[in-house]
Amino acid sequence: MKHCVVVGYHETDMSGEELDLALEQGGDDLPAPIRSMLRTKITLGGTHHSYLDALSRVRTERTGVPGSYTVAELPSLGTLYLVNYLEEHGHPTDFVNSFTYERERLAKLLADGPASVAITTTFYMMPAPVIEIIRFVRQHNATVPIIVGGPLIDNHCREGRGEKLSRFFDRVGADFYVWESQGEEALAGLVGALVEGASPAAVPNVFARADGEWKLGRKRPENNDLNRASVRWHRFGADVLGRTVSTRTARSCAFNCAFCDYPERAGALTLADLSTVERELEELAERGVKRVAFIDDTFNVPMRRFKDLCRMMVRRDFGIEWFSYFRCGHAREPGVYDLMYDSGCRGVLLGIESGDDQVLLNMDKRATTEHYRYGIEQLKARGIFTHASFVVGFPGESPRTVRNTIDFINNAGPDTFAVNHWYYLHSTPIHVRAPQFDLTGNGFTWSHRTMDSRQALEAADEIFDSVHAASWMPVNGLDFWGVPYLLGKGMSREQVVEFLALAKPLTTANVARSGPEAAARAEARFRSFVGGLHLEPARYDAGGQR
């Protein structure tokens with residue numbers, strides 16, 4: 001009997017019909033998520049698709065072989081990490097990498113009667129995907145205990161532990177909720193209690209129902225050792241891993257940007273030993289992995305450690321290309337960029353956030369536009385794929401600073417860019433400075449002295465329309481971490497950029513403003529390009545099966 005089945009990510013998306021209805025009813029008052037969707041959906045043949053769904057549709061029509069290209073093919077690090085942790089602690093565990101595409105496999109695992117099911121919530125802002133997974137589990141095994149943890153639970157617990165939280169737990173429908181920013185120790189303890197018939201109430205950081213109400217046994221911070229908890233990749237077969245994998249070498253972040261609460265949630269920056277990273281890369285190379293995405297928020301900080309990591313990869317020559325977040329403000333010498341390339345770096349995500357120095361100062365980014373300009377120049381000179389991410393609307397933003405951001409992107413010319421509407425969290429450092437900027441509101445709806453959330457929506461559209469020196473990267477369904485996926489399928493760096501450039505005129509936002517003839521020409525160019533690509537088959541067919 002498996003002690004636990006871990007359920008990976010559920011890739012939910014707004015359907016084309018729902019988007020059409022929102023457009024018909026919303027007028028000029030579309031909420032921020034829908035406005036963003038207009039820039040991340042492609043209108044193809046009169047219907048709306050994500051970028052990769054559009055790619056899949058054209059390829060299927062051209063080849064006659066049904067397939068769904070999706071980043072859900074990539075192994076879910078959070079899922080594999082938990083499987084590894086439970087196995088290391090003596091709990092036989094199985095998993096489904098993607099609930100969206102592996103429901104048949106999950107149904108079979110549930111039929112075998114596992115002792116528990118664990119659901120991760122790393123990428124969920126709303127509970128709907130979790131609720132759908134739980135309903136599916138209940139349909140196929142009505143008695144198995146269901147455990148939910150992760151950021152979604154943390155967000156709601158931080159808002160208060162009264163009746164509102166109880167209603168949320170009841171609505172989601174799980175049996176136990178783990179409230180801890182790490183949580184793997186609590187999960188292992190809870191699974192052990194369920195297997196042994198012990199009381200779950202004795203496990204720290206776990207909510208369980210008792211006497212008709214949700215009760216938290218006790219709260220105790222976890223500090224899981226990154227070296228001991230690192231993934232033993234030999235546990236997973238080459239067919240499971242594929243050739244592109246994510247891993248991490250650190251937990252939390254070295255900075256305290258004013259718009260982000262991650263460091264406060266995750267605690268102090270914790271680093272894995274270089275020997276641990278070397279061992280992981282060695283195991284991945286033995287499994288035939290060719291690309292690794294390091295998801296550390298500050299991979300090149302501290303710089304001395306980063307150089308040591310790169311030198312180790314040069315020395316070992318694993319034959320692995322790597323991708324990561326990158327802080328240009330801490331890479332101010334050409335030799336760093338040479339070392340990156342020599343060690344296998346082929347793509348980086350730059351969280352630039354703004355092309356205006358005053359806004360960067362307000363954000364406490366500890367970098368200037370000149371740092372970013374220099375970094376992009378060095379990266380491009382070495383052929384390293386460069387994606388630049390921006391936020392619009394942060395306190396201090398104005399029409400002038402928006403124009404500065406547009407000019408910065410067009411002058412610096414990263415390969416791709418994306419812009420997000422600022423989301424105001426009261427748990428972020430900027431909240432304590434709210435009076436300084438006359439900042440009010442929360443979430444997607446806010447106002448400060450120089451801009452409000454409605455104006456920020458217009459500014460995001462302006463940036464989208466005005467940048468011509470970089471290809472637009474959608475923020476849903478693909479994003480930067482899809483680049484190693486597409487490279488693994490056979491696209492070149494240049495083809496990824498061209499794919500995105502040809503897709504932009506077909507985004508719902510652009511098609512709505514262009515005439516039918518212009519849209520038809522853009523669709524013909526897109527279809528011709530995609531149809532001519534030589535790609536490896538998708539892992540999942542149109543029905544979601546392997």
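These exercises work through parts of a predicted model.

Residues are numbered from 1 along each chain as its sequence is written. Local features need pLDDT of at least 70 and side-chain atom pairs pLDDT 80 or more, totals for chains, interfaces and linings use all residues, and side-chain values use heavy atoms, without hydrogens and water.

**Exercise 1.** Determine whether lysine 108 is buried or exposed.

Solution. Step 1: locate lysine 108 in helix α5, residues 103-111; helices are DSSP runs of H or I with at least four residues, strands runs of E with at least two, both numbered from the N terminus. Step 2: apply the classes, which are buried under 20% relative accessible area, exposed over 50% and partly exposed in between (1.4 Å probe, protein chains only). Step 3: lysine 108 has 54% relative accessibility, so lysine 108 counts as exposed.

**Exercise 2.** Place methionine 126 and classify its exposure.

Solution. Step 1: methionine 126 sits in the loop between β5 (117-119) and α6 (128-140). Step 2: its relative accessible area is 57%, and therefore methionine 126 is exposed.

**Exercise 3.** Work out the strand order of the open sheet that contains β19, and find its edges.

Solution. Step 1: the order is β18-β19-β20, with antiparallel pairing; two strands pair if DSSP finds at least two bridges between them. Step 2: β18 (440-442) and β20 (451-452) each have a single partner strand, so they stand at the edges, with one side of each lacking a neighbour in the sheet. Step 3: β19 (residues 445-448) joins β20 over two bridges. Histidine 448 has methionine 451 in β20 as its bridge partner.
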